[in-house]
Protein chains: 2
Amino acid sequence: MADTLTASALTLKDIARQAGVSLATVDRVLHNRPGVRPDTVRRVREAIERNAFQPHVAAAELARGRARRFAFVMPSGPNPFMQQIEAYLGEMSAWLAARRLGVETIATDVFDPSVLAASLTALADDYDGVAVVALDHPRVRAAIDDLVDAGTKVVTLVSDVPSSRRHHYVGIDNIAAGRTAGALVGRLAGGRSGKVAIVAGSQGLRDHAERIFGFNQVMAAEFPGLSVLPVLEGRDEDERSGQLLTRLLGRHVDIVGLYNVGAGTQGVAKALSDRASSDAGRDKVVFVGHDVTALTRRLLLQGVMDAAISQNPGHEARAAVRVLLALARGEPILREQEKIRIDIVMRDNLP
Amino acid sequence: MADTLTASALTLKDIARQAGVSLATVDRVLHNRPGVRPDTVRRVREAIERNAFQPHVAAAELARGRARRFAFVMPSGPNPFMQQIEAYLGEMSAWLAARRLGVETIATDVFDPSVLAASLTALADDYDGVAVVALDHPRVRAAIDDLVDAGTKVVTLVSDVPSSRRHHYVGIDNIAAGRTAGALVGRLAGGRSGKVAIVAGSQGLRDHAERIFGFNQVMAAEFPGLSVLPVLEGRDEDERSGQLLTRLLGRHVDIVGLYNVGAGTQGVAKALSDRASSDAGRDKVVFVGHDVTALTRRLLLQGVMDAAISQNPGHEARAAVRVLLALARGEPILREQEKIRIDIVMRDNLP
DNA sequence: CTCAAAATGAGTTGCGTACCTCAAAACACC
DNA sequence: GGTGTTTTGAGGTACGCAACTCATTTTGAG
């Protein structure tokens with residue numbers, strides 16, 4: 001009736017006794033310090049395995065004395081998503097303080113590879129771990145690899161550099177996010193046929209390109225009645241996005257769906273509502289976008305927007321900290337916990 | 001350019017010095033032990049506030065010596081959702097062991113108030129915290145309150161007892177979940193009009209009743225073209241659910257949507273596919289259900305099911321442990337982190 | 001003013017690990 | 001067999017706090 005998990009009350013002393021060595025030797029093995037015969041190492045390792053020994057994390061943390069420092073390297077400039085991440089880090093401050101963790105956010109031009117790479121390189125000696133919103137560029141990759149070689153733990157945040165040796169990526173699969181957006185636009189259009197517009201920041205951004213790729217995949221395969229128009233590049237700016245979309249809506253009377261890949265949501269929404277008021281007879285355009293912000297929340301409630309694909313920024317911030325901490329401590333990572341889900345947010349499940 | 005969070009390197013000794021008292025007095029104040037004049041308490045508290053002092057959790061944990069024990073009281077019998085929760089607790093075993101946390105799952109007939117209440121009462125002295133899948137019944141509420149009075153931390157899991165004095169509820173808002181299901185059925189039906197069926201375990205279960213309530217709310221308010229049929233009570237059994245639904249589908253040719261509130265998914269899916277093959281000409285019935293299991297995953301991929309409303313069982317298990325731990329330590333709870341979201345899972349964002 | 005009770009100071013011990021030193025033992029090599 | 005090197009043991013200190021004891025001071029009631 002009762003099923004028990006865990007109970008390791010063993011200490012290093014017990015392991016030492018079982019392996020027939022002294023505490024000092026166990027310590028040497030545990031921290032890969034030199035001066036232990038291979039055979040002895042094996043004996044100690046076996047004793048550890050046999051008892052499923054887990055160092056007491058509290059004792060270890062207390063003994064090392066030195067506080068750990070993590071850096072979050074994020075885009076400068078006003079980006080609501082990044083601001084949310086910063087805000088959630090702030091909410092963790094008591095949690096962080098109780099563990100003597102120092103977290104600093106460092107604003108940088110993440111779109112300039114040289115600047116970003118230089119920022120990263122400068123961190124090597126001062127931080128135990130770095131979370132970075134990374135541009136996928138050879139120079140950035142090299143900087144990340146250098147950090148890893150220096151013993152710093154590195155996590156990519158939101159945007160990955162898969163070819164680097166970063167320890168972990170905290171973010172979503174953007175192709176799957178695009179596919180999800182496609183399925184939503186298609187299904188919510190409810191059998192109508194017509195054209196579908198895409199507004200993106202730039203197709204040069206890896207995450208945007210991947211989302212568009214996934215979106216087109218689904219549209220082509222499953223919604224033959226819908227044809228996708230060429231991508232509008234709004235540079236994540238409200239005005240530009242709005243103007244481009246207004247022009248497009250004027251040229252095509254049969255647009256039934258819209259996928260807004262990045263920011264610029266304000267402009268996109270304006271363009272849509274302008275059209276709606278100029279011609280009240282037409283069916284509403286299905287509008288799917290990304291991220292839950294104050295604006296998208298309002299648009300969802302008003303019914304202007306039909307769904308938002310979201311990656312929970314709070315979860316990302318906390319996951320990044322937890323992963324860095326686990327890496328620094330040599331603890332295993334709870335993969336399932338740290339995996340960022342693709343959330344579909346509609347009016348009734350707004351968080 | 002760099003924004004720093006946290007850095008409290010103060011210790012109790014510093015607080016004692018600032019307050020002009022000894023370590024012992026600070027300790028008395030911190031742990032609400034008697035024998036300190038109110039005025040002195042105030043001085044100490046002020047020093048703590050002023051410095052935003054946070055006890056070092058590692059040191060505190062180490063010093064108290066005693067390991068903490070938590071109990072998870074869950075339904076006996078084969079319930080895939082509960083099995084998933086248990087599985088995720090198992091995956092945490094290394095994490096738990098490193099913190100000297102003992103977690104035990106206790107199977108009980110949670111549907112019998114007396115049995116459940118007795119199970120709970122028996123736990124008071126042995127556990128520091130209890131997570132319970134609770135039936136909302138006066139006797140259960142009393143048992144929970146007794147536990148709380150005895151100093152045990154109590155968290156309700158999946159199903160809440162709002163009138164009790166439990167410290168926290170880990171689970172979703174089932175009314176909002178039902179609303180979300182309603183919006184999905186309505187929107188995915190794409191303007192068709194007709195009837196909508198509901199299959200539930202029992203309307204006596206609080207969570208099922210709340211979901212149905214939310215579902216009906218949305219249907220009535222927003223989809224006048226859809227009329228909801230009386231609820232079928234399948235008792236979460238495959239066969240019964242399937243039979244009831246088959247009969248209903250036979251009586252009403254114009255059913256366009258189906259909401260499966262609880263389990264019995266296998267039977268529901270069978271009834272749907274039987275109808276589909278017997279009359280290929282008809283439009284597919286929009287099928288929305290709950291939870292991501294091996295079965296619902298397959299149905300989503302096959303297109304039989306259109307969406308699943310899900311509460312991440314892994315998240316619930318971990319959140320329950322974290323909340324109990326924070327409560328036991330007297331740490332603040334990260335509300336945002338522990339809040340369980342209502343996930344909409346469709347084919348392309350399957351986790 | 002006296003005496004008991006309350007409040008406080010001073011101190012100790014121990015938690016389990018990291019990190020360090022120094023000496024002793026085991027070993028390899030010539 | 002002696003040398004130098006590698007490996008190991010023994011032990012200590014420190015980390016910040018919980019929990020405790022005991023002596024001393026302060027307080028309030030009579």
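For the residue classes used in these legends, Ala, Val, Leu, Ile, Met, Phe, Trp, Tyr, Cys and Pro count as nonpolar, Asp, Glu, Lys and Arg as charged, and the others, Gly among them, as polar. This is a predicted model, in which local features need pLDDT of at least 70 and side-chain atom pairs count only at pLDDT 80 or more, while totals for chains, interfaces and linings use all residues. Residues are numbered from 1 along each chain as its sequence is written, chains are lettered from A and ligands numbered from 1 in the order in which they are written, and side-chain values use heavy atoms, with hydrogens and water left out.

**View 1. The surface near DNA strand D.** Here 12 nonpolar, 8 polar and 5 charged residues make up the surface near DNA strand D. A residue is near a strand if one of its heavy atoms lies within 4 Å of it. Of the 25 residues around DNA strand D, the nearest are Thr25(A), Arg37(A), Thr40(A), Leu12(B) and Ala63(B). Of the atoms of this strand that come within 4 Å of the protein, 70% belong to sugar and phosphate. Look for H2 and H4 of chain A and H2 and H4 of chain B, each of which supplies at least two residues of this surface. (Helices are DSSP runs of H or I with at least four residues, strands are runs of E with at least two, and both are numbered from the N terminus.)

**View 2. Polar contacts to DNA strand D.** A polar contact is a pair of N or O atoms within 3.5 Å; within protein, one must be able to donate a hydrogen and the other to accept it, and residues adjacent in sequence count only if both atoms are side-chain atoms. Arg28(A) places a polar side-chain atom 3.0 Å from a base oxygen of DNA strand D. From Ala63(A), a polar backbone atom is 3.4 Å from a base oxygen of the strand. On the phosphate side, a backbone N or O atom of His56(B) lies 3.5 Å from a phosphate oxygen of DNA strand D.

**View 3. DNA strand C and its surroundings.** Around DNA strand C there are 25 residues, and the closest are Leu12(A), Ala63(A), Ser22(B), Arg37(B) and Thr40(B). Sugar and phosphate make up 68% of the atoms of DNA strand C that come within 4 Å of the protein. Two backbone contacts go to phosphate oxygens: a polar backbone atom of His56(A) is 3.3 Å from one, and a polar backbone atom of Gly20(B) is 3.5 Å from one. A base oxygen of the strand is 3.3 Å from a polar backbone atom of Leu62(B). The elements giving two or more residues to this surface are helix H2 (23-30) and helix H4 (57-64) of chain A, with helix H2 (23-30) and helix H4 (57-64) of chain B. By class, the surface near DNA strand C has 12 nonpolar, 8 polar and 5 charged residues.

**View 4. Where chain A meets chain B.** Contact means heavy atoms within 4.5 Å, and 71 residues of chain A are in contact with 71 residues of chain B. The two chains bury about 6,100 Å² between them, 54% of it on carbon and sulfur atoms; buried area is the accessible area (1.4 Å probe) that two parts lose on being put together, summed over both. A salt bridge is a side-chain nitrogen of Lys or Arg within 4 Å of a carboxyl oxygen of Asp or Glu, and the rule finds 10 of them across this interface. One of them joins Arg99(A) to Glu331(B), with the closest N and O atoms 3.0 Å apart. Between the chains, 24 residue pairs are in polar contact, both residues at pLDDT 80 or more. Strand S3 (residues 101-108) of chain A gives the largest share of the side of chain A that touches chain B, 8 residues. That side has 34 nonpolar, 16 polar and 21 charged residues.

**View 5. His315(B) and its partners.** Helix H14 (residues 313-329) of chain B holds His315(B). A polar atom of the His315(B) side chain lies 3.0 Å from the backbone oxygen of Gln337(B). Leaving aside neighbours within four places in sequence, His315(B) is in contact with Arg322(B), Gln337(B), Lys339(B) and Ile340(B).
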